[in-house]
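Here's a walk through the two-chain model on your screen. Keep the viewer open and follow along as each part comes up.

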Amino acid sequence: MPPPDRGAAQAHGVNRPGDDAPGDPPLIEARGLSRHFPSGEGVVKALDGVDVTIRPGEFVAAMGPSGSGKSTFLNLIGCLDQPTSGTYRLAGEAVGALPPERLAEVRGEKIGFVFQSFHLLPREDALANVMMPMMYRGIPPRLRRERAEMALERVGLKERMRHTPSQLSGGQQQRVAIARALVCGPELILADEPTGALDSRTGLEIMALFQALNRAGVSILCVTHDADVAAFTGRTLRFRDGRLFEDERHAPVDAAAMIGVPFA
Amino acid sequence: MNVIGRAGIQQAPTPLPPLPPGRRAGLTFAEAGAAALGALAANKLRAALTALGIFIGVAAVIVTVAVGAGARQQVLSQIQSLGANLLLVWGANVRMGGVSLGAGQRPNMSWDDAQAIPREIAAVEAAAGTIRQQMQVVNGNQNWSTWVNGTDSAWFTAHEWVVAEGRFFSEEEASGGRKVALLGATVAENLFGEDNPVGREIRIRATPFEVIGVLGRKGQNPMGQDQDDVVVMPYWTARRSVMGASRAFARSVGSISVKVAEGEDMAAVEEELRAFFRQRHRVAANEPDTVNIRNLSEIAATRDASARTLSLLLAAVAAVSLLVGGIGVMNIMLVSVTERTKEIGLRLAVGARRADILRQFLLEAVLLALLGGAAGVAVGIGLAYAMSNFGGWPVLIQWDAVALAVGVSGLTGLFFGYWPARRAASLDPIQALRHE
């Protein structure tokens, strides 16, 4: 078990939404965010009038059953989709109305994605996978490699950077994906069911890694249908039928502690 | 062992320092190329089979163009060997008492006609009257049946002969009827083998002749006759020593070779020649010409045109095969886009713009086609050389056609790769990421 004071410090570090200076722009500011899809005669309101503000440094879970709108919310927050109505500001920039090519750049600069099924390039080794996003930003190859090694070091995989995904376990693959999400120094990490394809212990390890990153200041939004996963975050947004019906702040459970391995 | 836990706690990972702004947005050409090559390398067999269509097309273009050009080159060199700007005159059908004797059967032109032509027609550079007859030529115990020509030194000019060994005969030897002869390469080989015949003696109809020269090799004429199977001697020598001059035909010639000066209109000179002979032979207005005039380069030009048609036809077949190859490229690129939908979704999610995706897939198609094209060039050139070395075909590799074939194969990739690449670039990232 970790010493109790460390756990308390973590709890404090994970969730301090009110600590920012009042002048700082929120990381995410959505007002009346809606996404409607035409369907037959009617309209499917996948997301309908969501207001939410997330401050830098938060670790937030978006929860709900399938069809609740949490994935649509993630797509909009991740600039993969554009809202039908409402406004969305990401780090002070109104991104709701940007053209697709500009949205691609915003994704590259401000957001790191982590997916349920990892989405690594199967032919490339871990290093190349982590270097890949920087290619689209015109970062010189040497710097790319340097950064990718740093990112892999952060997730504890520097020794395996020459392994291809098939030579890595599921948890290791997800850590490569997290390194890839970190490598451009994003404002926000978006994780879509990051533990969904992992066994529970490996899932805990991933959540512990997220918590450690969050303590270091990385903002994370994690979409999940699993309340146990949401418990590791400091705030849970509950979606149902396209609406945000509950926004709850809570003390996070320490994932590292739950692994039950004493740390040096 | 809990690596993450340890890494997480001990290193308490600080976020990476801010990434400096890139030099520019998007992939460089080299990066897109490397990504495309990587994708091709991952599916080597499929890439190879797809490139096969382009490969066959390009190899076919190169070989057919080389064969076509070789054939034309051969025809052109035959025209050259006949002598450029050459008109051949020989006697027309002669009727005696209602019986046609056939062209050239009865000599009706004389040595003096030939001598008069350059004086009368300004555009004529040289004219050589010639008699020829098939005879047995003997050197020791070797003998060879060949065409013996008695002619003027102007004949060498008109037919563009050169001497390989020795010399042409002089004016004195010609007018004096001296017993000298030049041998064509074929005759020299058959009578003397490897030996140099110059200065040696041959016998024709028991008359000894001194060999003063060997003619340079010309090869076959467009009619397939060996132009080197020939012995040449002065006209008066032939007349007096071997051809048996009957009184009636003592000055006759069988044909006259007329060399027209460079830049003159051949057709016009042909007309002047016709008029010259009508006047000189006193042909009545209602009578046919006494001579036939043939422009040998015209015959060759016809053959050249047919060779050209053939090579055009072959090139068209090759173009169709390139087209089929291009469709193969498009097909496999569409498959590739479908297979890599998730990868495309990922790349879009991490900041790739549609232009980056388009470029990557387009480059992949172009590289695929170019690889096929390059292999086609290598094999095409190899095949052309093999045909020339082992098959004895006249082959001439056209480097501009090679460049064109490579260019066209690249363009084929660009053209047939555009639609699949466009499809890849217009994928919806959300759908693409969810694609299984």
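## The sheet in chain A

Strand β9 (residues 235-240) of chain A is joined to β10(A) by 6 bridges, and the two run antiparallel. If you want one pair to click on, try A:Arg235, whose bridge partner in β10(A) is A:Arg249. All of this comes from a predicted model, so read it as such.

Those two strands belong to an open sheet of 6 strands in chain A, with the order β6-β7-β8-β3-β9-β10 and mixed pairing. At its edges sit β6 (111-114) and β10 (243-249) of chain A, each pairing on one side only. From one strand to the next, the twist averages 20°. As a reminder, strands of a sheet pair through backbone hydrogen bonds, either parallel or antiparallel.

## Buried helices in chain A

Zooming out, chain A has 9 helices and 10 strands. Buried residues account for 52% of its 264 residues. Among the chain A contacts with a separation of 6 or more, 72% are between residues 24 or more positions apart.

Two helices are worth a look here. In helix α2 (residues 70-77) of chain A, 8 of the 8 residues are buried, so the helix is largely enclosed by the rest of the structure. That list takes in polar names such as A:Lys70, A:Ser71, A:Thr72 and A:Asn75, along with A:Phe73, A:Leu74, A:Leu76 and A:Ile77. Just after α2(A), A:Cys79 takes a positive phi of about 60°.

Helix α4 (residues 126-135) of chain A has 9 of its 10 residues buried, so this one is also largely enclosed by the rest of the structure. Its buried residues include A:Asn129, A:Val130, A:Pro133 and the methionines A:Met131, A:Met132, A:Met134 and A:Met135. What covers them? The cover includes α3 (100-110), α5 (141-154) and α6 (170-182) of chain A, together with α2 (29-42) of chain B.

## Nonpolar cores

The largest nonpolar core has 146 residues, and the members touching the most others are A:Ala62, A:Val130, A:Leu152, A:Ala179, B:Ile62 and B:Ala365. Helix α3 (residues 44-82) of chain B gives the most to this core, with 19 residues. You've already met A:Val130, one of the buried residues of α4(A).

For the chain B side, pick B:Ile62. Leaving out residues up to four places away in sequence, B:Ile62 touches B:Gly376, B:Val377, B:Gly380, B:Ile381, B:Ala384, B:Ala401, B:Val402 and B:Ala405. Apart from the largest core lies another core, of 50 residues, among them B:Ala154, B:Phe156, B:Ala188 and B:Val214.

## The outline of chain B

Chain B has 14 helices and 14 strands. How does its radius of gyration sit against that of a compact globule? A compact globule of 436 residues would come in near 22 Å, but chain B has 37 Å. Along the principal axes, the C-alpha atoms of chain B fill a box of roughly 125 × 55 × 40 Å.

Buried residues make up 43% of the 436 residues in chain B. Of the chain B contacts with a separation of 6 or more, 81% are between residues 24 or more positions apart.

## An enclosed strand in chain B

Now find strand β11 (residues 230-234) of chain B. Here 5 of the 5 residues are buried, so the strand is largely enclosed by the rest of the structure.

Strand β6 (residues 142-151) of chain B runs parallel to β11(B) and is joined to it by 5 bridges; B:Val148 has B:Val231 as its bridge partner there. Strand β8 (residues 180-183) of chain B runs antiparallel to β11(B), with 2 bridges joining them. In that pairing, B:Leu182 stands opposite B:Val232.

## How far to trust it

For the complex, the predictor gives an ipTM of 0.88 and a pTM of 0.71. The mean pLDDT of chain B is 84, with 90% of its residues at 70 or more.

Where in chain B is confidence lowest, and where is it highest? The low end is helix α1 (residues 3-11) of chain B, at a mean of 43, and the high end is helix α11 (residues 341-349) of chain B, at 93. Over residues 1-11 of chain B the pLDDT is below 50, and beyond near neighbours in sequence this stretch has 27 contacts in the model.

Key. Residues numbered from 1 in each chain as written. Chains lettered and ligands numbered in written order. Predicted model: local features only at pLDDT ≥ 70, side-chain atom pairs only at ≥ 80, totals over all residues. Core = buried A, V, L, I, M, F, W, Y, C linked by C-beta atoms within 7 Å. Buried ≥ 20, exposed ≤ 12 C-beta atoms within 10 Å, placed from the backbone. Helix = DSSP H or I, 4+ residues; strand = E, 2+ residues; numbered from the N terminus. Contact = placed C-beta atoms within 7 Å. Pairing = 2+ DSSP bridges. Axes fitted to C-alpha atoms, helices over the stretch in contact; angles between N-to-C directions. Rg over C-alpha atoms; globule rule 2.2 N^0.38 Å. pLDDT = per-residue confidence, 0-100.
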